[in-house]
Amino acid sequence: MTLFKGAGVALITPFNEDDTVNYDMLGTLIDRQIEGHTDAIVVCGTTGEPATMTEEEKLSVIDFTVKRVNHRIPVIAGAGANSTKLVIDFSKKLEKLGVDGLLIVTPFYNKATQQGLYEHYTAIAHEVKLPIIMYNVPSRTGCNIQPETAMRLGLENSNIVGIKEASGDISQITKLASLCRGCLDIYSGNDDQVIPILSLGGIGVISVLSNVAPQGTHDMVMEYLNGNEEKARRLQLDYLELVDALFCEVNPIPVKSTMNMLGFNVGSLRLPLTEMEEEHKVAMSKLLHRMPQEMLA
């Protein structure tokens, strides 16, 4: 089962000045994404700051998102934790909210072995019915899903349907693509590697860039999938400077600052994340003023 093809936005979570969730702005952001032809909403993933949110807040944000989207595009909810039992319990609550799928990051800090990762994802897949996209981002978790482990999980579990690959290791992703043909959908987890991963058989991206440029990110993927490879490559290269700027500090610091610069009052970040450094703010502001406005739609 394929959850989506194209560009899924790793949606930011807007906060009010008192640090509560700004639901009015969240609704605005969701509507803007759908108007920009984003192909899926990924809520409470890394970019949404779930590590600093209570379970009650996460459930509320996800419930709001499901209702606001109202079946227009798939809603995929982040459900990762470093305890298998916690992931299972939380995922069952998400099933009741009506999400279309789960994004489950590798368990962080524990540094599970490959057998541990296999048993972690297998246990989750046996307890929930929703389709699961695994999320491999070793730079943040200290844990790397090897291609052989990913293939085994995809072959043995019908509801493990995809993997978001953010290792940055194209050689590893090439091996993954070679092994997993037909058993796992591959999504780029890095906005600077969308076209390379599509060229290996990937079907989309789960994107930070899409917060800023939903239409352009969607077009980059769909032009490639529709055979317009040169236009897709041009979009990848045209957005490269912005992508680099969006990762000049740890995500989601730059993207939230950028959205504020663009007039979306998404608020600040929760500690331990802090505001973007002033020199980076100045550089981002100059970049946004140089860019054609249609690229930011």
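Two strands count as paired if DSSP finds at least two bridges between them. The model on screen is predicted, and this tour starts with its strands.

**Stop 1: strands β1, β8 and β7**

Select β1, residues 6-10, and then β8, residues 204-207. These two strands run parallel and are joined by four bridges. For one position along the pairing, pick Ala 7, which stands opposite Val 205 in β8.

Now add β7, residues 185-188. β7 and β8 also pair in the parallel sense, over two bridges. Here the bridge partner of Ser 188 is again a β8 residue, Val 205.

Are the residues on the two faces of β8 buried or exposed? Gly 204 and Ile 206 lie on one side, Val 205 and Ser 207 lie on the other, and all are buried. Both faces of the strand are therefore covered.

**Stop 2: Gly 6**

Go back to β1 and select Gly 6. Gly 6 has 0% relative accessibility and so counts as buried. Display its neighbours: leaving aside residues up to four places away in sequence, Gly 6 touches Asp 39, Ile 203, Gly 204, Val 205, Val 221, Met 222 and Leu 225. For a distance across the model, select Glu 156 as well; the C-alpha atoms of Gly 6 and Glu 156 are separated by 26 Å, and the two residues are 150 apart along the chain.

**Stop 3: the annotated positions**

Which residues does UniProt list for "binding site"? The unreviewed entry gives Thr 47 and Ile 206. They span 160 residues in sequence, yet their C-alpha atoms are no more than 10.5 Å apart, so they gather at one spot. Both Thr 47 and Ile 206 belong to the lining of the second largest pocket.

Select Thr 47 in the loop between β2 (40-43) and α2 (55-69). Thr 47 has a relative accessible area of 3%, which is under the 20% limit, so the residue is buried. Beyond residues up to four places away in sequence, its contacts include Ala 10, Leu 11, Ile 12 and Thr 13, as well as Asn 251, Pro 252 and Val 255.

Move to Ile 206 in β8. Ile 206 is buried too, with a relative accessible area of 2%. Among the residues it touches, not counting those up to four places away in sequence, are Phe 4, Gly 8, Val 42, Leu 103, Lys 164 and Tyr 187.

**Stop 4: helix α3**

Select residues 84-97, helix α3. At 1.5 Å a residue its 14 residues should span 20 Å, and the end C-alpha atoms are 20 Å apart, which agrees. Colour Val 87, Ile 88, Phe 90, Ser 91 and Leu 94, which are buried. An α-helix has 3.6 residues a turn, so residues three or four places apart point the same way. What covers the buried residues of α3 includes α2, β3 (75-78), β4 (101-105) and α4 (114-127). Just after the helix comes Gly 98, with a positive phi near 95 degrees.

**Stop 5: the nonpolar cores**

In the largest nonpolar core, of 87 residues, those that touch the most other members are Ile 62, Leu 94, Val 99, Leu 102, Met 134, Tyr 239 and Leu 242. Select Val 99: apart from residues up to four places away in sequence, Val 99 touches Ile 62, Val 66, Val 75, Ala 77, Leu 94 and Leu 130. Finish with a second, separate core of 16 residues, including Phe 4, Val 105, Ile 133 and Ile 203.

How values were computed: Residues are numbered from 1 along each chain as its sequence is written. This is a predicted model: local features need pLDDT of at least 70, side-chain atom pairs count only at pLDDT 80 or more; totals for chains, interfaces and linings use all residues. Side-chain values use heavy atoms; hydrogens and water are left out. UniProt positions are given in the numbering used here, feature names are shortened, and annotations may be inferred rather than shown by experiment. On a 1 Å grid over the protein atoms alone, a cavity is a set of points where a 1.4 Å probe fits but cannot get out, and a pocket is an open set with protein on both sides within 12 Å along at least five of seven lines; lining residues have an atom within 4 Å of a point. Buried means under 20% relative accessible area, exposed over 50%, partly exposed in between (1.4 Å probe, protein chains only). Contact means heavy atoms within 4.5 Å. The expected span of a helix is 1.5 Å times one less than its number of residues. A nonpolar core is a set of buried Ala, Val, Leu, Ile, Met, Phe, Trp, Tyr and Cys residues joined through side-chain atoms within 4.5 Å.
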